[in-house]
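Thanks for coming, everyone. Let me put the structure up, and then we'll walk through it piece by piece.

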Amino acid sequence: MSTGTAILAEGLRKRYATHTALHGIDLEVPTGTVLGVLGPNGAGKTTTVRILATLLAPDGGRAVVAGHDVAREPREVRRRIGLSGQYAAVDQMLTGRENLVLLGRLLRLGRRGAEARAQELLDRFGLLDAADRPAGTYSGGMRRRLDLAACVVGDPEVLFLDEPTTGLDPTSRNVLWNVVRELVGGGVTVLLTTQYLEEADELADRVAVVDAGRVVAEGSPDELKRKVGTDRLEVTVARPDQLAQAAAALAVLGGRVPTVDEDAVRVTVPLEHGLDDVALAASELRRRGVTAADFQVRRPSLDDVFFALTGTAAKADSPTQEGADER
Amino acid sequence: MTVTLAYLADIGALAGRHLRHLRRSPGRLFLVTMTPAVMLIAVGYLFRDSITVPGSSSYEDYIMAGIAAQVALAGVGPTALGVAVDLRDGLVDRYRSLPISASSVLVGRALSDMVTAAVALAAVCGLGLLLGWRPHGGPLRIGAGFAVLLAFAFVMLWVGILLGTTMRNVEAIDGTGALILVVLSFLSNAYVAVSGLPNWLRPAADWNPVSSVISVCRTLWGNQPPQAAHGGFPATHPGVVAACALGVVLVTVVPAALRGFRRAVER
């Protein structure tokens, strides 16, 4: 492999008793960049991360992380990585500081070194005020930040973040994104799994879309979004007989022709000019006396990405895959 | 050499984590101590005049070794629970992603749970002294009795670790732990002499290694009634049976627990 590649996966396969989780995953992440692995529950994101982080042995294929083969030199890999799993893995009974000191000692920083490192990280992640409270009293966002601090105690070259913001409120999510950006600014390579297109968009240089154990698309967020399309305005009218009026009103936007869904009494049109289009549509509907029961802007969702990329709906609700793979 | 030292330091750091838990939430210690203490008061004190053990002049003396052995049995559930919760919450994943040995995680737990067992044992025996239990014999023999109990506790906590890595379901672990405690202690000579049990149960209680451990401890503490030495092989050679049983359990359970732990991480 070239020296510029921090994570390389070639044909990773993994079978469980009941199903095959990975059907040959290929990934390449250049040093110092962020790869977003996007996919629904059960797609194989967590399995991939666990293999790359040496927790799980693949049944086929190989992976090289930070210059070392995960199967042959797991200990060398572990010296150079940080892992943040799906659930913030902090000891709730220990204080934030004690959590970090313990990891520092396990990473052989020595007692003094571990204490100094803990202090530095608590400061950097905005946890100094809560440093000596048990982590069980932290909010979800604080716990996630502590979890992230815990993965960087050993100054890793490569970070694996498995759905780092799942279950967080928008503010905590933003704070966490900033923390990740800072780490990347410091030269760390990040592989991040997510179910949110927005998150991949915010953080990732490149995105790999995974579905049913395969990489179905790869590219920059912009490339992916181009495939998915733009934001759309959806107007549901209060009276079915006004549907034609509403369609005429939205046609004024000058972009593409609105699509009319008679069953849902809804008209949808792509938004080419953002807020200006929204304002224009609102005044045009009013001018024509159309009563809107619902008026909303829809962003492309993960479902849309999947629809655009694979032509099938995301299989997020397949119970067997979800249960077995994502634990 | 430095590798060994690093290994020991890891174990120390991880054991320190559990000891912090113990200080912060003494409930766990309470769990391990409560059942034996309640049994000591309920059976050893309230029923002491109703239960007679052939050849024994003091029921408090007779029951103490059995109660002390219960401390080791009571620890199985909490140990298993601790292991299962660490697996569930992803802490084990975090430790396994560090460049440390997998076994240090479990050995760290085993050591700290030994501290729990020792403290619980001291508390229960302290209560026993208050209620009238008296060991007879030199300090060496009394100490040896405690050493036997701690060895028993060590073996049982590995049983707990195995349970935690393989069962993982918190409710199921709770139930199994309680079952182990009740069955193994009632089906032994802890409360009554084996001769006082229904005929068909006697062989099971006789060969129950817990009976042997209790007999050894009772003898070392000078609490063994003279008649107890009459009976089958286990009754006449409790030391041999106890040593063999504990040895066999240890050499089978420790590797199984380590394997179960690796497999649990791989799920």
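In what sense, left-handed or right-handed, does α3(B) pass α10(B) in their crossing? The crossing is right-handed. Keep in mind throughout that this is a predicted model.

Let's stay with that helix pair in chain B. α3(B) and α10(B), residues 209-220, pack at an angle of about 125 degrees. Their axes are 9 Å apart. That angle makes α3(B) oblique to α10(B). Who touches whom? From α3(B) we have A65(B), G66(B), A68(B) and A69(B). From α10(B) we have V210(B), V213(B), I214(B), C217(B) and R218(B). By character, the residues of this contact divide into seven nonpolar, one polar and one charged.

Now the other partner of α3(B). That helix spans residues 59-74, and it also packs with α7(B), residues 139-167. Here the angle is about 20 degrees, with the axes 8 Å apart. Angles under 35 degrees count as roughly parallel, and α3(B) and α7(B) are therefore roughly parallel to each other. The crossing of α3(B) and α7(B) is right-handed. On the α3(B) side, the contact residues are A68(B), A69(B), V71(B), A72(B) and L73(B). They meet L149(B), F152(B), A153(B) and M156(B) in α7(B). How do the residues of this contact divide into nonpolar, polar and charged? Nine are nonpolar, none is polar and none is charged. Look at A68(B) and A69(B) on your screens. They take part in the contact with α7(B), and they also appear in the contact with α10(B).

On to where the chains meet. 23 residues of chain A are in contact with 21 residues of chain B. Which elements of chain A each supply at least two residues to that side? They are α2 (74-80), β6 (81-84) and α3 (96-106) of chain A. The largest share comes from α3(A), with four residues. The side of chain A that touches chain B divides into 13 nonpolar, two polar and eight charged residues.

Now chain A as a whole. It has twelve helices and 14 strands. Of its 327 residues, 44% count as buried. Take the contacts in chain A with a separation of 6 or more. Residues 24 or more positions apart account for 68% of them.

Two sheets in chain A deserve a look. The first on my list is an open sheet of six strands, in the order β6-β7-β8-β3-β9-β10 (chain A). Its pairing is mixed. β6 and β10 (214-219) of chain A stand at the edges, each with a single partner strand, so one side of each has no neighbour in the sheet. The twist averages 15 degrees from one strand to the next.

Let's zoom in on β6(A), which also contributes to the side facing chain B. I81(A) and L83(A) point one way from this strand, and G82(A) and S84(A) point the other way. All four are buried. β6(A) pairs with β7(A), residues 158-162, in the parallel sense over four bridges. Which residue in β7(A) is the bridge partner of G82(A)? That is L159(A).

Elsewhere in the sheet, β3(A) (residues 34-38) and β8(A) (residues 189-194) pair in the parallel sense over five bridges. There, V34(A) stands opposite V190(A).

Next, the other sheet. Four strands form an open sheet in the order β12-β13-β11-β14 (chain A), and the pairing is antiparallel. The edge strands are β12 (259-261) and β14 (292-298) of chain A; each has a single partner strand, so one side of each is left without a neighbour in the sheet. Neighbouring strands are turned by 15 degrees against each other on average, direction ignored.

Inside this sheet, β11(A) (residues 232-237) and β13(A) (residues 266-270) pair in the antiparallel sense over five bridges. E234(A) has T268(A) in β13(A) as its bridge partner.

Two helices pack on this sheet. α9(A), residues 243-251, touches β11, β12 and β13 of chain A. Its direction makes about 10 degrees with that of β13(A). α10(A), residues 274-287, touches β11 and β14 of chain A. Its direction makes about 20 degrees with that of β11(A).

That's my tour. Happy to rotate the model to any of these spots.

Methods. Residues numbered from 1 in each chain as written. Chains lettered and ligands numbered in written order. Predicted model: local features only at pLDDT ≥ 70, side-chain atom pairs only at ≥ 80, totals over all residues. Axes fitted to C-alpha atoms, helices over the stretch in contact; angles between N-to-C directions. Parallel < 35°, antiparallel > 145°, perpendicular 65-115°, else oblique. Left-handed = near helix turned anticlockwise from the far one by under 90°. Contact = placed C-beta atoms within 7 Å. Nonpolar A, V, L, I, M, F, W, Y, C, P; charged D, E, K, R; others polar. Pairing = 2+ DSSP bridges. Buried ≥ 20, exposed ≤ 12 C-beta atoms within 10 Å, placed from the backbone.
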